[in-house]
Amino acid sequence: MAARSTTAERLRQRSRVREGRPFPLGATWDGLGVNFALYSANATRVDLCLFDARGREIERITLPEHTDEIWHGYLPDVRPGQLYGYRVHGPYAPDAGHRFNPNKLLLDPYAKQIVGELKWAPHLFGYTIGHRDGDLSFDRRDSAAYMPKAAVVDPAHTWGDDRRLHTPWDRTVIYEAHVRGLTMRHPQVSEGARGTFSAMKNDAVIAHLKDIGVTAIELLPIHAFVDDQHLLERGLRNYWGYNSIGFFAPHPRYLASGNIAEFKQMVAHLHQAGIEVLLDVVYNHTAEGNELGPTLSFKGIDNASYYRLADDRRYYINDTGTGNTFDLTNAGALRMVNDSLRYWASQMHVDGFRFDLATILGREPHGFDRSSGFLDAVGQDPLLAQTKLIAEPWDIGPGGYQVGNFPPGWSEWNDKYRDTLRAYWRGDAGQLPEFARRFTGSADLFDHRGRRPRASVNFVTAHDGFNLHDLVSYADKHNLANGEDNRDGHDHSLSANYGAEGETDDAAINALRDRQKRNFLATLLLSQGTPMLLSGDEFGHTQQGNNNAYCQDNEIAWLDWERAASEAGEALTRFTARLARLRRDHPLLRRTRWFDGRFDDALGLRDISWLAPDGAELSPAQWEDPQARALMVRLDGRAPDTGLRTPASNTTLVILFNASSGPVSFTLPDDANVRWRVLADTAAPDSEAVFEGGHTLERCDRSLLLLGVAY
């Protein structure tokens, strides 16, 4: 029997290697061998390390060629499934921004699949923890045993006739969800599939999305990410996933099969059901942190190129609050982000992206620029320009709040909409003018450069903050489970508990809370713009008052499908589905052009009229009355140049809003021979009553009523 080869002997074994090509970047299988290419402007040598299935390094190969800052080589003996990583040589000079350390195994930024999970150890850091020189010291320990590895993939996949759906924006209803949160407790998903892409293609999961009118599911980050060491030490995890380390690879934990084809199969199933797939992407920072963080990939490949560094280049600009900021003014970093987007759109058939802290992506050295290199590159790209592009238009850096300032082609999360609706339905004073602006699409923010109402992504709740049930059940956050003494999370949630903090048996309080949930859902789905629902809001999921569940990979954040099956849960789900149908069936609720409110003499009407409860047009004094909390709006599809798509749009809708804490009498518009039918009533969800024009009806406190013409 031959003696086992030693590590040194294995490392002396050499595969055949040729110079290969500088493009495409990453590891590319061509059917005969694999081309490896890595960008580093400041490296002096790049070693490719090959590993066996047990994670043992079996070969180390110096890439033989260097072309235009890209190191490359071709290995005809390598096949899909091969595990690999890089060791990059260069100056270790933190004061100059360079942190090369070939003792640290590095993930390929273009890795299409990552195998294994990070194991926290001092070996992962380029400097020696505890050394008197801090990050200026140099650590010589090998990190390979603690690092996940990249895997060469075979991109071949049979898609059939699958393609991006291109659902029109005016028909889009977005559902923000987490792969694990949506499926971990679903009774019709097998235990082995729960929390994975496989579960997302389950027939029951997809049927629920279809039933409530969802046309696009926006998944919280699915790019490979790292669980923070401090969370693991507390028995927690980075549940949300805003800690990316690989921008081409799905997170390993979400693959039940261990094969990236599972993601493609999920997309195909959702597309078959008419549901687009949007990804929440985090290109603003990585999991490597600041100068005291680990060396996992970019920091060791070319720290000075990938990150924005301070004037003292030992330190990082921290516009993200995470320790580092990706530098998209660098051509290599910009190319990597655009290549990542194109990969997910072309190879994985993703329909669009929501960009976390998107202001950073548009920030040039002089500040945010709507004609930045990144925004221009995306806008001119013939593939990316056809996808749905959604910005989270803020960060914590200078000039970081940029709602309304992204270029045409983009839509944006509208936090002004969120805060206004919360304040209005809570009964805060002086909300009418702002409420009207937000309800009609926020033209004050978005009506420029030809942008349309769809630019405003309207939401009441999102992953960050209270969900809908907790918004009307808790006056204060309850984040003790996060282990930060309740210091984390928002303190200004504009929430209310209506008489008791948290769950209660008080029937009156619960009835008001249920009505408020319907008020929020109704306003959201009846507003102009693009609505976004938070998963679980449609049936009243609770996070027990936690408004920052970023680390709660457990029953706090996982949707409680037993609650969905309760009488109250099913009733709220039916009401949500009804609202989505109304939005779909009434183009007046999803116009492609702005209301102008001008009076048309020939027709004797306006496209939109705001009315006081007595039926008269609101006067300037009534608009500014801080005590006014009730009003009506009349939408008329007979007005010219409405931008509506169908001839059935010559209808009229009237919506009554009452955020008062007591009943209010409303007098309905008295059109000739017109009777008004109830289409949606948050006080009586099953009502289909019909009223004569001019009828006066008393509305209970905090309620909404949608009326259409009864033919």
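This is a guided tour of one predicted protein model, with a selection to make at each stop.

**Before you start**

Residues are numbered from 1 along each chain as its sequence is written. Because the model is predicted, local features need pLDDT of at least 70, side-chain atom pairs count only at pLDDT 80 or more, and totals for chains, interfaces and linings use all residues, while side-chain values use heavy atoms and leave out hydrogens and water.

**Stop 1: the whole protein**

Select everything. The secondary structure comes to 17 helices and 33 strands; these are DSSP runs numbered from the N terminus, with helices being H or I of at least four residues and strands E of at least two. Along the principal axes, the C-alpha atoms fill a box of roughly 95 × 55 × 50 Å. The radius of gyration is 28 Å, which agrees with the value near 27 Å for a compact globule of 711 residues. That radius is taken over C-alpha atoms, and the globule rule is 2.2 Å times the number of residues to the power 0.38.

Of the 711 residues, 62% are buried. Buried means under 20% relative accessible area, exposed means over 50%, and partly exposed lies in between, with a 1.4 Å probe and protein chains only. Among contacts with a separation of 6 or more, 72% are between residues 24 or more positions apart; a contact means heavy atoms within 4.5 Å.

**Stop 2: colour by confidence**

Colour the model by pLDDT, the predictor's confidence in each residue, from 0 to 100. The mean is 95, and 96% of the residues reach 70 or more. Now select residues 7-12, where pLDDT stays under 50 and the model has ten contacts beyond four places in sequence. Residues 645-649 also have pLDDT below 50, with eight contacts beyond near neighbours in sequence.

**Stop 3: Phe23 and Pro24**

Select Phe23 and Pro24. The peptide bond from Phe23 to Pro24 is cis, with omega near -5°. Pro24 is in the loop between helix H1 (7-12) and strand S1 (26-29). Most peptide bonds are trans, and most residues other than glycine have a negative phi. The second half of that rule matters at the last stop.

**Stop 4: His178**

Select His178, in the loop between strand S12 (174-177) and H2. His178 is buried, with a relative accessible area of 6%. Leaving aside neighbours within four places in sequence, His178 is in contact with Leu220, Tyr239, Trp240 and Tyr254. The side chains of His178 and Tyr254 make a polar contact at 3.5 Å. A polar contact is a pair of N or O atoms within 3.5 Å; within protein, one must be able to donate a hydrogen and the other to accept it, and residues adjacent in sequence count only if both atoms are side-chain atoms.

**Stop 5: Thr196**

Move to Thr196, in the loop between helix H2 (179-183) and helix H3 (197-200). At 4% relative accessibility, Thr196 counts as buried. The side chain of Thr196 reaches the backbone oxygen of Ala193 at 2.5 Å. Beyond four places in sequence, the contacts of Thr196 include Val179, Arg253, Tyr254 and Glu262. Tyr254 is also among the contacts of His178.

**Stop 6: strand S16**

Select residues 276-281, which form strand S16; six of its six residues are buried. Both faces are covered: Glu276, Leu278 and Asp280 lie on one side, and Val277, Leu279 and Val281 on the other.

Next add strand S13 (residues 216-219), which pairs with S16 in the parallel sense over four bridges. Two strands pair if DSSP finds at least two bridges between them. Glu218 has Leu278 as its bridge partner in S16. Then add strand S17 (residues 352-355), which pairs with S16 in the parallel sense over four bridges. Here Leu279 stands opposite Phe353.

**Stop 7: helix H7**

Select residues 298-306. Nine of the nine residues of helix H7 are buried, so the helix is largely enclosed by the rest of the structure. Among the buried residues are Phe298, Lys299, Asp302 and Tyr306. To see what covers them, show elements including strand S2 (34-39), strand S7 (83-89), strand S15 (244-250) and helix H8 (331-346).

**Stop 8: Asp485 and Leu494**

Finish in the loop between helix H13 (468-471) and helix H14 (507-526), the place of Asp485. Asp485 has a positive phi of about 55° although it is not a glycine. Leu494, found in the loop between H13 and H14, has a positive phi near 55°. Which is Leu494, buried or exposed? Leu494 is buried, with a relative accessible area of 11%, whereas Asp485 is exposed at 58%.
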